[in-house]
Structure formats: C-alpha cells, structure tokens
Amino acid sequence: MRRDTAAEAPELAEHDRVGELERQLEEATAAALYAAAEAQNVRRRLETEKVQASVYAVTGFARDMLNVKDNLDRALAAVTEELRADATAANFLAGIEATARELETIFARNGVTRVAAKGLPLDPNRHQAMIEMPSGEEPGTIVEEMQPGYMLKERLLRPALVAVAKAP
C-alpha cells in the first residue's frame, strides 16, 4: 500500500495505525493466555499443597505418639514370667497390653506403619545403621533392630535404628 499511496496520505496513516493495533492485540492476547495458564498452574499447585498439608498434618503428633509406643513396648518387654504368673500383676499387664494394641490400631487407621528391617538389606531412606556386627549374613544386611522405624503413609516418621552385618 505504501508504493501506491502518497507518503502523507491519510490512508497510509490509517493502515499503519491498524497494523499497530493488530500487533498490540496479539501481544495482549498472548499475555492474557500466559496469565490464565499461570493462574491454572498456581491453582493446581495450591490444591496439591492443600491435600499434602491435610494428609501429613498429624506428623508431629504421630512422632510424639511413637515415644509412648516405645515406652509401652519397653514396659512389656521387661515383664518376667514370674510377674505374669501373679494374678494382680497379670490384670495390670492385660491393661498395658490392651493399651498397646489400641495404639497399634489407631496407628494403622491413620496410616502409621512399622518399617520392616531385620533380615533386609540396609535402606538409608528407611534405616539408620548404628553399628556393624560380625555375622554370617551378607554384609549390609540388617541383623538386629534396636528401635523400630515408622512411616506415615509414604513419608518417613522415624528411621529404624539397626545393626548391620559387616564383612568378616
């Protein structure tokens, strides 16, 4: 159109103005699409974070309850057969055992599970090696569990403290 029109013709100015407006419209459309995509990504990320926060909100409480479970288990492990034979002590022990079972049931209902350890290869994502022991097992195999580890769904609450077989 420039070749066919005089340089100062109003049609030329109008054509340039339309071209500029079309370019601005394309830029605004692209910016709006980008902003809409970014808003969608933020919305998805916030929804994911909200779900994660609700699923793992009990993490601190569950860790604290593991100490209660450990103490109950230590108390039950310290009971001798003589004490179990005593009628009064047996009733008391039955209450402690019932409490321990109820705690295990609550853990299971809320997705808290024990980490398998003994006889398995050391997994640094679930186990913490405390010592190496001579053993007939393959080196790196867990031969003793000193403290059980626990998971909350897919997240590690506490690693299992273990002894690992070492090479002779």
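Asp70 is buried in this predicted model. Its relative accessible area is 6%. Because buried means under 20%, Asp70 falls in that class at 6%. The residue belongs to helix 2, which covers residues 59-77. Beyond its neighbours within four places in sequence, Asp70 is in contact with Gln147, Pro148 and Arg158. One of these, Gln147, is part of the stretch 142-147 that forms strand 3. Another, Arg158, belongs to strand 5, residues 155-158.

Strand 5 pairs with strand 4, which spans residues 150-152. The two strands run antiparallel and are joined by 3 bridges. One bridge links Leu152 to its partner Arg155 in strand 5. Together, strand 4 and strand 5 form a hairpin, with 2 residues between them. Lys153 sits in that turn. Its phi is positive, at about 55 degrees.

Arg155 also takes part in a contact of another kind. Arg155 lies over the face of Tyr56. The distance from the ring centre is 3.8 Å. As for pairs of aromatic rings, a search of the whole structure finds 1.

A further set of strands forms a sheet. Strands of a sheet pair through backbone hydrogen bonds, either parallel or antiparallel. Here, 3 strands make up an open sheet, in the order 2-6-3. The pairing is mixed. Strand 2 (127-134) and strand 3 (142-147) stand at the edges. Each edge strand has a single partner strand, so one side of each is left without a neighbour in the sheet. From one strand to the next, the twist averages 30 degrees.

Strand 6 covers residues 160-166. Strand 2 and strand 6 run parallel, and 7 bridges join them. Among the residues involved is Glu132, whose bridge partner in strand 6 is Val164.

Val164 also appears among the contacts of Thr141. Thr141 lies in the loop between strand 2 and strand 3. Is this loop residue buried or exposed? Thr141 counts as buried, because its relative accessibility is 9% and the limit for buried is under 20%. Setting aside residues up to four places away in sequence, Thr141 touches Gly119, Leu120 and Pro121, and also Ala163, Val164 and Ala165. The last three, Ala163, Val164 and Ala165, fall within strand 6, residues 160-166.

How values were computed. Residues numbered from 1 in each chain as written. Predicted model: local features only at pLDDT ≥ 70, side-chain atom pairs only at ≥ 80, totals over all residues. Heavy atoms only, no water. Helix = DSSP H or I, 4+ residues; strand = E, 2+ residues; numbered from the N terminus. Buried < 20%, exposed > 50% of the residue type's maximum accessible area, 1.4 Å probe, protein only. Contact = heavy atoms within 4.5 Å. Phe/Tyr/Trp six-rings, centres within 6.5 Å; stacked < 30°, edge-to-face > 60°. Lys NZ or Arg CZ within 6 Å of the ring centre and 35° of its normal. Pairing = 2+ DSSP bridges. Axes fitted to C-alpha atoms, helices over the stretch in contact; angles between N-to-C directions.
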